[in-house]
Amino acid sequence: MNQGEWDKLDKNLPLGLLSRFVGMSREVLGENLTGVYLHGSAAMGCFNPQKSDLDLMIVVNDTVPDAEKLEFMEKAVTLNQEAPPKGFEWSIVKKEFCKPFGYPTPFELHFSNTHLKWFQENPSEYIQKMRGTDKDLAAHFTIINHYGKTLFGEEIREVFGEVPRKDYIDSIWFDVENACEDIVFNPVYVILNLCRVLAYLKDGLVLSKKSGGQWGMDHLSKAYRPLIQSALSAYTDGGECLLPPEDMRRFAEDMTADIKMLK
C-alpha cells in the first residue's frame with residue numbers, strides 16, 4: 001500500500017501502529033508472507049477506538065515453524081500494548097485455504113485480548129495448541145472480499161476466493177446462536193450483530209455492525225427501535241447500553257427465531 005492509500009484509511013485508526021505491525025510481520029515471516037489485510041470495522045469506516053478491535057488477516061504461503069510463531073507472538077503482544085483498549089485480533093492462515101476457500105477454515109495461529117493471559121502464562125502451550133479450524137474465518141473473508149484493505153502484499157482478489165453462501169450463513173449463525181444468553185452480557189455487539197445477520201438473510205447485504213443497526217431501525221419492528229437506537233448510540237459514542245434484560249432477551253428470541261426460518 002502506497003502512502004496515498006494509507007492516507008485514505010479511517011482517521012480514527014492508529015496508522016503508525018498498523019504500519020509497525022506490517023513491518024514486524026515482514027521481518028518475522030520473510031518470504032513466507034503473502035500479505036497483511038485489514039478487515040472488520042477498521043476497514044468498513046466505522047472504527048470506534050473504545051469499542052472496536054484492530055482486525056487483521058495475515059496470509060502465508062507455507063506452514064509457520066513454532067519458533068517463528070513464538071517470535072511473532074512475542075512481538076505482536078508488545079505492539080498490542082500500544083493498541084486501543086480492545087487490542088488487535090488477528091489470524092495467520094495459509095493461502096491454500098483462502099482460494100479456493102476451505103470451510104471450516106484451518107489457521108496457523110490466532111490472537112485476541114481474550115487469549116493474552118494464556119500466552120503470558122504458558123507461551124509454549126499456546127503455540128502448540130492455538131491452531132485448528134475456525135468457522136468465524138468465513139465471515140472475516142467475506143468482509144475482506146467486500147471491504148478489506150491490502151496493507152502489504154498480493155491484492156485481495158488474488159488471495160481470497162469467494163465464500164459460498166451456505167458457509168457464510170453457517171459462520172454468522174455460529175456467532176449469534178447463543179444470543180439469548182449473550183445479549184445481557186454484551187448487548188451492543190449482540191443487538192447490532194443480529195441486525196446485520198438479518199440484513200444478509202433478508203436483503204443479501206454484507207454490513208458492518210453500525211450499518212446493520214441502521215438497517216434494523218428501518219426494517220425491523222418499530223417496537224424494537226429504542227433498543228436498537230440505544231445500541232447504536234453506545235457503539236458510536238462509546239457509552240453504555242443500559243436496557244431492561246427482559247427487553248433484550250425478547251429481542252434476541254424474536255431475531256434468532258427469524259434467523260432460523262431464513263437460514
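## Close-up views of the predicted model

**View 1. Ser 112, a buried loop residue.** With a relative accessible area of 7%, Ser 112 falls under the 20% cut-off and therefore counts as buried. This is a predicted model, so keep that in mind for every view here. Where along the chain does Ser 112 sit? Look in the loop that runs between strand 5 (109-111) and helix 5 (116-121). Once you set aside its neighbours within four places in sequence, Ser 112 is in contact with Phe 88 and Glu 89.

**View 2. Leu 137 and what it touches.** Leu 137 belongs to helix 7, and this residue is buried because its relative accessibility is 0%, under the 20% limit. Which residues does Leu 137 touch, if you skip those up to four places away in sequence? Met 57, Ser 91 and Val 93 are among them, and so are Thr 105, Pro 106 and Phe 107. For a distance to check on screen, try Leu 137 and Tyr 168: their C-alpha atoms are separated by 9.0 Å, with the two positions 31 residues apart along the chain.

**View 3. Helix 9 and its cover.** Helix 9 takes in residues 165-176, which makes 12 residues. From first C-alpha to last, helix 9 reaches 17 Å, close to the 16 Å expected at 1.5 Å a residue. The buried residues of helix 9 are Asp 167, Tyr 168, Ile 169, Ser 171, Ile 172, Trp 173 and Val 176. What covers them? The cover includes helix 7 (136-147), home of Leu 137 from the previous view, along with helix 10 (179-182), helix 11 (187-203) and helix 14 (245-262).

**View 4. Zooming back out to the whole protein.** In secondary structure, the protein comes to 14 helices and seven strands. Its C-alpha atoms fill a box of roughly 55 × 40 × 35 Å along the principal axes. The radius of gyration is 18 Å, which agrees with the value near 18 Å that a compact globule of 263 residues would have. Buried residues make up 50% of the 263. Of the contacts with a separation of 6 or more, 69% involve residues 24 or more positions apart. As for the outside, the accessible surface comes to about 12,300 Å², and carbon and sulfur atoms own 48% of that. The protein carries 29 positive and 39 negative charges, and the mean positions of the two sets are 4 Å apart.

How values were computed. Residues are numbered from 1 along each chain as its sequence is written. This is a predicted model: local features need pLDDT of at least 70, side-chain atom pairs count only at pLDDT 80 or more; totals for chains, interfaces and linings use all residues. Side-chain values use heavy atoms; hydrogens and water are left out. Helices (H or I, at least four residues) and strands (E, at least two) are DSSP runs, numbered from the N terminus. The radius of gyration is taken over C-alpha atoms; the globule rule is 2.2 Å times the number of residues to the power 0.38. Buried means under 20% relative accessible area, exposed over 50%, partly exposed in between (1.4 Å probe, protein chains only). Contact means heavy atoms within 4.5 Å. Accessible areas come from the Shrake-Rupley method with a 1.4 Å probe; for residues, only the protein chains shown count as cover. Lys and Arg count as positive and Asp and Glu as negative; His and the chain ends are not counted. The place of a charge is taken as NZ of Lys, CZ of Arg, CG of Asp or CD of Glu. The expected span of a helix is 1.5 Å times one less than its number of residues.
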